[in-house]
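Trainee: Could you walk me through this structure and show me how each label is earned?

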Amino acid sequence: LRRYLLQHGESLDGIELRAAIPVNLRPIEEAKRLGNAFGLVFVQLPVGEESREIRTLQIKTQMDELKRSPEALVTLGILRAVGFTPSEIKRWFVEIFGRRLTCVMTNVPGPQQPLRMAGQPLETLMFWVPQTGRLGLGVSLLSYAGSVRLGVAVDAGLIDDPDAIVQAFQEEIAAMMRDRS
């Protein structure tokens, strides 16, 4: 996102981007059950930091701390409770969340062995992160059979060139791979 913002002439001084990150709360032994059991954690994206290494470390540190905290479990409880309220309260709740967030981002580890449907191999899988409220950006990563798919969903009223975001992600990942060499 830093790369995209800079390419579009945005100043990064004082900019704050917050991402909602779904966190799986289901024990591994229940992984094959249908349905979801996830809470949300909220991560500050350090787009103002110039160093890619420091940005990555800051996000990893935040995620490690948040995964050890009760935040995801608390948000799961809140989301479940809000689900039982009248529509007006649900809309109000979504609006509050939307004001404090920039995007939803998720990473889903998919099957590492190719799947078949009706006897035919599935070449790839893809999903789109759920978005609601005023969130202008959703980013989804899915690994499947040795590959990774990136999905970017945007609000066309806020971002008129989603391909530029995809390109910026690809450039950043390529730079990270060069750094590893």
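**A strand and its partners**

Mentor: Let's begin with one pair: Val139 stands opposite Val152 in β7. Please keep in mind that this is a predicted model.

Trainee: How do you know that β6 and β7 are paired?

Mentor: Two strands count as a pair if at least two bridges are found between them. Here 8 bridges join β6 to strand β7 (residues 147–154), so by that cut-off they pair. The two strands run antiparallel. Their hairpin has 2 residues between the strands, and Ala145 takes a positive phi near 50° there.

Trainee: And what makes β3 a partner of β6?

Mentor: Try the cut-off again: 7 bridges join strand β3 (residues 103–109) to β6, so these two pair as well. This time the strands run parallel. Within this pairing, Met105 has Val139 as its bridge partner in β6.

Trainee: Why is β6 called largely enclosed?

Mentor: A residue is buried when its relative accessible area is under 20%. In strand β6 (residues 137–144), 7 of the 8 residues are buried, so the rest of the structure largely encloses this strand.

**An exposed proline**

Trainee: Why is Pro130 called exposed?

Mentor: The label exposed needs over 50%. Pro130 has 61% relative accessibility, so it counts as exposed. You will find Pro130 in the loop between β5 (120–121) and β6.

**Two helices with a buried face**

Trainee: What makes the span of α3 close to the expected one?

Mentor: Helix α3 (residues 71–82) has 12 residues and reaches 16 Å from its first C-alpha to its last. At 1.5 Å a residue, the expected span is 16 Å, so the two values agree closely.

Trainee: How do you know that the buried residues of α3 line one face?

Mentor: In α3, the buried residues are Ala72, Thr75, Leu76 and Val82. Seen down the axis, they fall within an arc of 130°, so they line one face of the helix. On the other side, Leu73 and Arg80 are exposed. The buried residues of α3 pack against β1 (17–24), β2 (38–45) and α4 (87–100).

Trainee: What does the arc tell us about the buried residues of α5?

Mentor: Among the buried residues of α5 are Ile165, Phe169 and Glu172. Down the axis of α5, the buried residues fall within an arc of 140°, so they too line one face. Asp163, Arg178 and Arg180 are exposed on the other side. The buried residues of α5 pack against α1, α2, β3, β6 and β7.

**The core**

Trainee: Which residues touch the most other members of the largest nonpolar core?

Mentor: That core has 24 residues, and those touching the most other members are Tyr4, Ile21, Val41, Val43, Leu45, Met105 and Ile165. At least two core residues come from each of α1 (2–7), β1, β2, α2 (52–68), β3, β6 and α5 (162–180). Apart from this core lies another, of 7 residues, including Phe42 and Leu135.

Trainee: Which residues is Met105 in contact with, leaving aside its neighbours within four places in sequence?

Mentor: Contact needs heavy atoms within 4.5 Å. By that test, the partners of Met105 include Leu1, Ile21, Leu45, Val139 and Phe169.

Trainee: How many helices and strands does the protein have?

Mentor: The protein has 5 helices and 7 strands. Buried residues make up 30% of its 181 residues.

Note on methods. Residues are numbered from 1 along each chain as its sequence is written. This is a predicted model: local features need pLDDT of at least 70, side-chain atom pairs count only at pLDDT 80 or more; totals for chains, interfaces and linings use all residues. Side-chain values use heavy atoms; hydrogens and water are left out. Buried means under 20% relative accessible area, exposed over 50%, partly exposed in between (1.4 Å probe, protein chains only). Helices (H or I, at least four residues) and strands (E, at least two) are DSSP runs, numbered from the N terminus. The arc is that of the directions from the helix axis to the C-beta atoms. A nonpolar core is a set of buried Ala, Val, Leu, Ile, Met, Phe, Trp, Tyr and Cys residues joined through side-chain atoms within 4.5 Å.
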